[in-house]
Amino acid sequence: MNVQGKHFRTIWLKEDDPTVVQIIDQRWLPHEFVIEDIHTVEQMAIAIQEMHLRGAGLIGAAAGYGMYLAALYASRSHREGFLQALQQAGQLLKTTRPTAINLQWAVERQLSAVLACDSPEEMAHATYLTAQAIANEDAEYCRQIGLHGLPLIQAISQRKPGQAVNILTHCNAGWLAFVDYGSATAPIYAAFEAHIPIHVWVDETRPRNQGARLTAWELGQQGVPHTLIVDNVGGHLMQHQMVDLVIVGSDRVTRTGDVANKIGTYLKALAAQDNQVPFYVALPSSTFDWTLREGVRDIPIEQRNTQEVTHMSGRTGAGKIETILLTPEQSPAANYAFDVTPARLITGLVTERGICTADEAAILDLFPEKRS
Ligand code: MRU
């Protein structure tokens, strides 16, 4: 998508030096646009853990490139030693963030690619090809999610001619959370391009404010009309028919359609059901966890540093980025980063293969190869 009119992806190999991976360092957005060079798998692990980059699809792509970086520097004298170095790199990457399944999925995909090769040279080349394939696929799948989600917005627009379709989204499931287009935002961008009048309610998404800092910024960069709201406003807007559709992303979806997403998503789904507002979840297939059936019980929920709750960062009037304490110094805080929305509250899942209801049979109709 565009930043000041110039097309960017969120992760790429440096043009004149493909041993360097470049990312947009999201910690500084929306105030500064910083590109970071990543040279090693250890640096990539820090970038994921400390959220220089974040979002399920992008974490997956970053893990793919992290394995490629590990392969660049692993000793190539024996196949077994090389493989062991990559397995260790995979372990390191997998421990950085627990909830988004894309991370594990990308590491496993890299390891399978490597296992199919005979020599360390071939293995290293395989990590390059696989990293590029994961990133390209992520962008393409999100583009297709946009095409499949577009008719949902079109249909609402036809029912209210001349008025904007109001879409509420939570957190950042935009292009910054993927390689390009985003999942929840892809249908929004597709509708905007098709000149359908739309307006997006952007939940701020405490505590890290991915909505306020990232979604608002990226929608603004594309020129999409939007309004930032605090997290508790959605229910009120829905009661007053000011939301036509909710679209959120996901970090992990069970084979039965339970959805883990940024903390607060469940409450939006409850409010949507109470007000008969359609609630859709957009995801590429890399976000399905085919091994799980019970989301609330089995999806691991990341607990992050409580400083994200007790403190807040922003730009001062003097233009400096500063972090301030919000709370009484002694008050304990808790920081659950995700929650699980049960399938029964979800109207549909928008994937790169089409839309289905959030239940095992419908999901498997779209992904029949996962039946066994
Ligand atoms: O903690 P984050 O910012 O990595 O959270 C993940 C997310 O981006 C959201 O939960 C998002 O809605 C999921 S879609 C990538």
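Colleague: How many residue pairs are in polar contact across the interface of domain 1 and domain 2?

Modeller: Good place to start! This is a predicted model, and across that interface the rule finds 19 residue pairs in polar contact, both residues at pLDDT 80 or more. Strand E1 (2-3), helix H2 (56-73) and helix H4 (101-115) each supply at least two residues of the side of domain 1 that touches domain 2.

Colleague: What classes of residue does that side of domain 1 have?

Modeller: The side of domain 1 touching domain 2 has 17 nonpolar, 12 polar and 6 charged residues.

Colleague: Where do the two domains begin and end?

Modeller: The domain assignment gives 2-137 for domain 1 and 149-370 for domain 2. Their C-alpha centres lie 25 Å apart. Domain 1 brings 35 residues to the contact, and domain 2 brings 32.

Colleague: How should I read the area buried between domain 1 and domain 2?

Modeller: Think of buried area as the accessible area that two parts lose on being put together, summed over both. Here that comes to about 2,800 Å², with carbon and sulfur atoms giving 55%. On the domain 1 side, Arg54, Thr99 and Ile101 lose the most area to domain 2, together 22% of what that side buries.

Colleague: And which side chains meet in a salt bridge?

Modeller: Look for a side-chain nitrogen of Lys or Arg within 4 Å of a carboxyl oxygen of Asp or Glu. Arginine 97 and glutamate 302 fit, because their N to O distance is 2.8 Å. The count between domain 1 and domain 2 is 1 salt bridge.

Terms used. Residues are numbered from 1 along each chain as its sequence is written. This is a predicted model: local features need pLDDT of at least 70, side-chain atom pairs count only at pLDDT 80 or more; totals for chains, interfaces and linings use all residues. Side-chain values use heavy atoms; hydrogens and water are left out. Domain bounds come from an automatic or database domain assignment. Contact means heavy atoms within 4.5 Å. Buried area is the accessible area (1.4 Å probe) that two parts lose on being put together, summed over both. A polar contact is a pair of N or O atoms within 3.5 Å; within protein, one must be able to donate a hydrogen and the other to accept it, and residues adjacent in sequence count only if both atoms are side-chain atoms. Helices (H or I, at least four residues) and strands (E, at least two) are DSSP runs, numbered from the N terminus. Ala, Val, Leu, Ile, Met, Phe, Trp, Tyr, Cys and Pro count as nonpolar, Asp, Glu, Lys and Arg as charged, and the others, Gly among them, as polar.
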